[in-house]
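Biologist: Could you walk me through this model? I have a few loose questions and will jump between topics.

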Number of protein chains: 2
Amino acid sequence: MQDRISQIFKAIADPTRREIFHALVVASSALTISQIASQFDMTRQGVTKHIKTLEEASLVHLHTKGRERLCQAKPERLADIQQWLSTYEQFWNTKLDDLEHYLSEG
Amino acid sequence: MQDRISQIFKAIADPTRREIFHALVVASSALTISQIASQFDMTRQGVTKHIKTLEEASLVHLHTKGRERLCQAKPERLADIQQWLSTYEQFWNTKLDDLEHYLSEG
DNA sequence: TAAATTAGCAACCAAATCGTTGCATATTCA
DNA sequence: TGAATATGCAACGATTTGGTTGCTAATTTA
């Protein structure tokens, strides 16, 4: 389909998915689809779709237990984004002379 | 329309736009729409649309000079993303006991 | 002034996105 | 076993997305 970094960016570009992801991160344990849906003004199927997108981006891990589907956040996958960001970090994180040094060195 | 962070994420979620953005960052000076288009296998109008998206996300600054539209990258806007990431950074950046400390305190 | 260059705008198109409803299936509980 | 629970799958619909073509307007250049 598409490259991993695009998948991750698209997954978290949607505010609802960011909320779901955050809910999973702060949850003390894995949550079921229904548990997540109860926290949002959306149908269970809507949540299922968002979870699928997050799982395809490796931001959520799913594991079936009986009739339940347990969702667990994998925030460490966001390191891929930080990796991408690192190329541009120098433009706001460092002192001006560091930037000028970078530009002159090419 | 939508929140700033979603705008930025959506803007850079597209691989073509990331390429355009990168081309602008590494360019020694601002580039015109036509100059950008010549580097990509796309029509000028296609590029114009991408530039519009990047501008709306404040990742690119436009300024008209005669008949030309000069495009300049504003990579410092990516700091907003890093800000968002910082909430989750601890999950891959710190030692395990730091994480456990966070969870027990949280 | 006439031709070439740079760009904008509008319309169109196919595909993806974000959500819904309806129904079927599997598991658990009484 | 029968009812309730948790979920999946498919179809639908409105909107957005990523791109195109065609035409017009403004600026520069010869």
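**DNA surfaces, chain contact and two loop residues**

Modeller: The element that gives the most to the surface near DNA strand C is α4(A), with five residues; helices (H or I, at least four residues) and strands (E, at least two) are DSSP runs numbered from the N terminus, and a residue is near a strand of DNA if its C-beta atom, placed from the backbone, lies within 6 Å of it. This is a predicted model, in which local features need pLDDT of at least 70, side-chain atom pairs count only at pLDDT 80 or more, and totals for chains, interfaces and linings use all residues. Residues are numbered from 1 along each chain as its sequence is written, while chains are lettered from A and ligands numbered from 1 in the order in which they are written.

Biologist: OK, and which residues are the closest to DNA strand C?

Modeller: Thr43(A), Gly46(A), Gly66(A), Thr32(B) and Ser34(B) are the closest of the 20 residues that surround DNA strand C. Two or more residues each come from α4 (44–56) of chain A and, in chain B, from α3 (33–39), α4 (44–56) and β3 (68–73).

Biologist: What classes of residue does that surface near DNA strand C have?

Modeller: It has 11 polar, seven charged and two nonpolar residues, where Ala, Val, Leu, Ile, Met, Phe, Trp, Tyr, Cys and Pro count as nonpolar, Asp, Glu, Lys and Arg as charged, and the others, Gly among them, as polar.

Biologist: And what comes nearest to DNA strand D?

Modeller: Of the 21 residues around DNA strand D, the nearest are Thr32(A), Ser34(A), Thr43(B), Gly46(B) and Gly66(B). There α4(B) gives the most, with five residues, and the surface near DNA strand D divides into two nonpolar, 11 polar and eight charged residues.

Biologist: Switching topic, how many residues does each chain put into the A–B contact?

Modeller: Chain A and chain B put in 18 residues each, with two residues taken to be in contact if their C-beta atoms, placed from the backbone, lie within 7 Å. On the side of chain A that touches chain B, α1, α2 and α5 (79–93) give two or more residues each, and α5(A) gives the most, with seven. That side of chain A comprises 13 nonpolar, two polar and three charged residues.

Biologist: How are the two copies related?

Modeller: A turn of 180° with a shift of 0.0 Å along the axis lays chain A on chain B with an RMSD of 0.0 Å, the superposition being by least squares on the C-alpha atoms of residues with pLDDT of at least 70 in both. The copies are therefore related as by a two-fold rotation axis. The same surface serves both, since 100% of the contact residues of chain A recur in chain B.

Biologist: Then Arg77(A), is that buried or exposed?

Modeller: Arg77(A) counts as buried because 21 C-beta neighbours lie inside 10 Å; the cut-offs are 20 or more other C-beta atoms within 10 Å for buried, 12 or fewer for exposed, and partly exposed in between, with C-beta atoms placed from the backbone. Arg77(A) is found in the loop between β3 and α5 of chain A, and, leaving aside neighbours within four places in sequence, Arg77(A) is in contact with Ile8(A), Ser58(A) and Leu59(A).

Biologist: And where is Asp14(A)?

Modeller: Asp14(A) is in the loop between α1 (4–13) and α2 (15–26) of chain A, and counts as partly exposed because of its 19 C-beta neighbours inside 10 Å.
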